[in-house]
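Please load the model in the viewer and keep the selection panel open. The tour below proceeds by chain and then by domain.

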Amino acid sequence: MLKKMSVRQAVGTRLAHDITEIRPGEFKGAAFKKGHMVCSEDICHLQKLGKNHLYMIDLEKDEIHENQAAQILAKGLSGIGIEWENNPKEGKITLHAAYDGILAINTANLAAFNMVDEVMCATLHNHTLVKKGDLVAATRAIPLVMQRAPIERAASTASHDNGTISVKPVKSFKTGLIITGNEVFSGLIEDRFEPVLSGKITDLGSEITSLEYVPDDSVMICKAIEKAIESGCKLILLTGGMSVDPDDVTRMGIARAGASEIHYGAAVLPGAMFLVAYIDDVPLLGVPGCGLHHRITALDLVLPRIMSGEHIGKKELAFLGHGGLCMDCMECTFPHCPFGKGA
Amino acid sequence: MDSGPIKIRLRAVNSKSLAGVIYKIMQNFETLLKSSALAHGHLCPGQVVGVRMAMLGCRLIGLDDPKSHGQIKKLIVFIEMDRCAGDAVAHVTGVKLGRRSLKFMDYGIMAATFVNLETHRAFRVISTEESRDLASLYASEIMDKSVRQISAYKRMPDSVLFRVQKVNVNLDKFDMPGPTQKKVTCIKCGQVVRDNREVIINDQPVCRPCTGKAYFYMPREVT
């Protein structure tokens, strides 16, 4: 329980919490730390900070302090790939990526956690690419002193299903690139897909180990897929032939190669004609023509997730719809924009 | 049997310990849900909540097979709602009005209290209101509201679906299972009243209907 007393009465007692001082452009931090013994010289400084009264904490048996609560909450929230320092500041603990990877937020857990009174956790968006040490979330207990039971309940909720916040490493994939199209295959036009897609693959730490050019022929596309798999590719990107014209036969080639599931169409613009298929555990991504004309498309939303080991199916492609509309800005600022943030 | 009320101590429950415990011995959840829905008449979100509430409640008081011969007399359940979940709780635990192991408390609250008569431990399990709001997140791929709730309530951890209180329960000897403890005759109508349910007026036992506070009115004999 908290007991209120004037700053003069508080002389000789220890502060129950940090007292923050903000001097714009100069300083923001604790002017007095929790546990500081209040002395006569502090009175003027405290009053300048607008503190005429202070709290003294007298914890009941079933109560805990905000700092202790924050530790319990941080532990419950943290899944794999999350590290945090057990040094709460003003009742808040920040959570950081322990390594490079893709942020995984269990949004149901997070919502359930935040539905518990007197606790909060705010995170970056799910599926954000993060670097080691990046701030990804912060949690705090809101009052200075609270009941232990709801804190433990919130932590228990957060820890369900391996924690609420995790970082999944993006693995390196031997990647096959199959570029389809009669016009490119016959040399009528120059291929521009290869440098674009190679750049995206290498940026994520993988490499193109197989490159094939094939015409709009489902049998030859099928053979190119089989060849890529035989050469050890664990991920295959196919470009061209993803539209609805009679010559667009890439999907047929993928089906002919024995894909166990084919999901054609993503709730993303650009990228509506994006395709995800699987042959055993090898993902095949069909990249529509927008991949040439837009810096960021459905591929950029899905590729890191695939590389983190996530299985992308109909549900995942459908859920991209919320936030899946690119604003086509004059200067693209992705990932610092709403595109792909709703899934 | 001691004639005084049974004292059950109150202590805060560590809810964190709830989520990590695995349903080990009780029947498989899906099996219980199927049989409960069959007995109730349909499968609905309340059935899922009730079956899970009963499984959690029994686990908390240390009963892993409440319908078994060795445990059926150790359990009393207070059910605070006459809704689908109430039937599920009764079905899973095997408590019955006629066995005096089911006590209906007409509170209109989605909650039930599970009492172990042997250890005197009692826990009140309350269905949370926020679980309804969270259903769309736990089963976001399902369009139909009822189907979504059924699926979501299966997926939610206990700490989201329920709050748990460790409670004291006073059980009078006249509330206990077993043979009738007492019979008296109403001095107004001659009706026999069992187990201390009579009302004493002017030092004389009177049955409830004769006090004029019955749930029915104007009784007329037809047979």
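In this predicted model, begin by selecting chain A in three parts: domain 1 at 2-57, domain 2 at 63-168 and domain 3 at 174-319. Colour each range separately, then retain domain 2 of chain A and domain 3 of chain A, whose C-alpha centres are 37 Å apart. Where these two domains touch, domain 2 of chain A supplies five residues and domain 3 of chain A supplies four. On the domain 2 side of that contact in chain A, two residues are nonpolar, two are polar and one is charged.

Next, display the whole of chain A as a cartoon; 12 helices and 19 strands appear. With 343 residues, the globule rule gives 20 Å, whereas the radius of gyration of chain A is 27 Å, so chain A is more spread out than a compact globule. Aligning the view to the principal axes shows a C-alpha trace of about 90 × 40 × 30 Å for chain A. Colouring chain A by burial marks 43% of its 343 residues as buried. Of the contacts in chain A between residues at least 6 apart in sequence, 67% link residues at least 24 apart.

Now move to chain B and select domain 1 (16-175), followed by domain 2 (179-223). The C-alpha centres of these two domains of chain B are separated by 34 Å. In cartoon form, chain B presents seven helices and nine strands. Burial colouring of chain B picks out 36% of its 223 residues as buried. Finally, draw the contacts in chain B between residues at least 6 apart in sequence: 63% of them join residues at least 24 apart.

Note on methods: Residues numbered from 1 in each chain as written. Chains lettered and ligands numbered in written order. Predicted model: local features only at pLDDT ≥ 70, side-chain atom pairs only at ≥ 80, totals over all residues. Domains from an automatic or database assignment. Contact = placed C-beta atoms within 7 Å. Nonpolar A, V, L, I, M, F, W, Y, C, P; charged D, E, K, R; others polar. Helix = DSSP H or I, 4+ residues; strand = E, 2+ residues; numbered from the N terminus. Buried ≥ 20, exposed ≤ 12 C-beta atoms within 10 Å, placed from the backbone. Rg over C-alpha atoms; globule rule 2.2 N^0.38 Å.
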